[in-house]
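Me: Could you take one part of this structure and go through it closely, setting out how its elements are ordered, paired and covered? I would rather have one connected account than a list.

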Amino acid sequence: APASVREGQLAVINTTIESTVAQRALVRLLGDGGVLSEQTVELQPGANDVAFEVEVSGTGFQRFRVEVEPERDGRAQNNEASALIQVQGPPRLLLVAAERADAVPLAEALEATNMIAEIVSPDRIPADLAGLSAYEAVVLVNTPARDLPIGAMAALPGYVRDLGKGLLMVGGE
């Protein structure tokens, strides 16, 4: 299972079922609310891959469990496996603009796609990685580098390179 997904996305949960003989099995995917999906599969001797797609909702860690009920089985204790998926809420973006009005149209467009856009003046941008890490991307809107605090200028390369976050610069008419 993926380590993390965004709320509303499809998560693909892949299972590998080992069987010593050809047989039919019922494979169930369970979540916190009970059975989410089930499939009847024809197992072949060896490894058999079975995939489930599930749309995740809510936020936080969610536990998913796969149970296998084969026709013939000598060891029932190995017929299930679990995975945790961290479900994250909508992405947060930080829009930095000397003139708030310059960033409002972009903020409205981002919010229309279920993103959270926060507009701040250049002197209010977090000046360290810890503060910047709360955002998936920083967008500089008509903001020259000389307007940013020295700490923010020093933190932005690590924010992109080390944390894998986004940096976008938008300027002009």
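Reply: What follows is a close look at the parallel sheet around strand β8, with a short look at a second sheet at the end. The model is a predicted one, and the description should be read with that in mind.

The sheet in question is open and has four strands, which are arranged in the order β9-β8-β10-β11 and pair in parallel. Its edges are formed by β9, residues 116-120, and β11, residues 166-170; each of these has a single partner strand, so one side of each remains without a neighbour in the sheet. From one strand to the next, the twist averages 20 degrees.

Strand β8, which covers residues 92-97, is a convenient place to start, and its pairing can be followed on both sides. Towards β9 there are five bridges, and the two strands run parallel; R92 lies opposite I116 of β9, while V96 has V120 of β9 as its bridge partner. Towards β10, residues 137-141, there are again five bridges, also between parallel strands, and here L93 is found opposite A137 of β10. As a matter of background, the strands of a sheet pair through backbone hydrogen bonds, either parallel or antiparallel. How much of β8 is covered? Five of its six residues are buried, and the strand is thus described as mostly covered.

From β8 the chain passes through helix α1, residues 100-112, before it arrives at β9, and this β-α-β crossover is right-handed. The helix contains 13 residues and spans 18 Å from its first C-alpha to its last, which is close to the 18 Å expected at 1.5 Å a residue. Within α1, the residues A103, A107 and L110 are buried, and the elements that cover the buried residues of this helix include β8, β9 and β10. After α1 comes N114, which has a positive phi, near 65 degrees.

At the β11 edge, L167 deserves a separate look, since this residue belongs to strand β11. Is L167 buried or exposed? Its relative accessible area is 36%, and because a residue counts as buried under 20% and as exposed over 50%, L167 is classed as partly exposed. Apart from neighbours within four places in sequence, L167 is in contact with V138, L140, L156 and V160; of these contacts, V138 and L140 fall within the range 137-141 given for β10. A51, by contrast, is 116 residues from L167 in sequence and 35 Å from it in space, taken from C-alpha to C-alpha.

For comparison, there is another open sheet, made of five strands in the order β1-β7-β6-β3-β4, and its pairing is mixed. The edge strands there are β1, residues 4-6, and β4, residues 34-43, each with a single partner strand, so that one side of each is left without a neighbour in the sheet. The twist of this sheet averages 25 degrees from one strand to the next. Strand β3, residues 23-31, is joined to β4 by nine bridges, and the two run antiparallel; within that pair, L29 stands opposite S37 of β4.

Key: Residues numbered from 1 in each chain as written. Predicted model: local features only at pLDDT ≥ 70, side-chain atom pairs only at ≥ 80, totals over all residues. Heavy atoms only, no water. Pairing = 2+ DSSP bridges. Axes fitted to C-alpha atoms, helices over the stretch in contact; angles between N-to-C directions. Buried < 20%, exposed > 50% of the residue type's maximum accessible area, 1.4 Å probe, protein only. Contact = heavy atoms within 4.5 Å. Right-handed = clockwise from strand over helix to strand, strands pointing away. Expected span 1.5 Å × (residues − 1).
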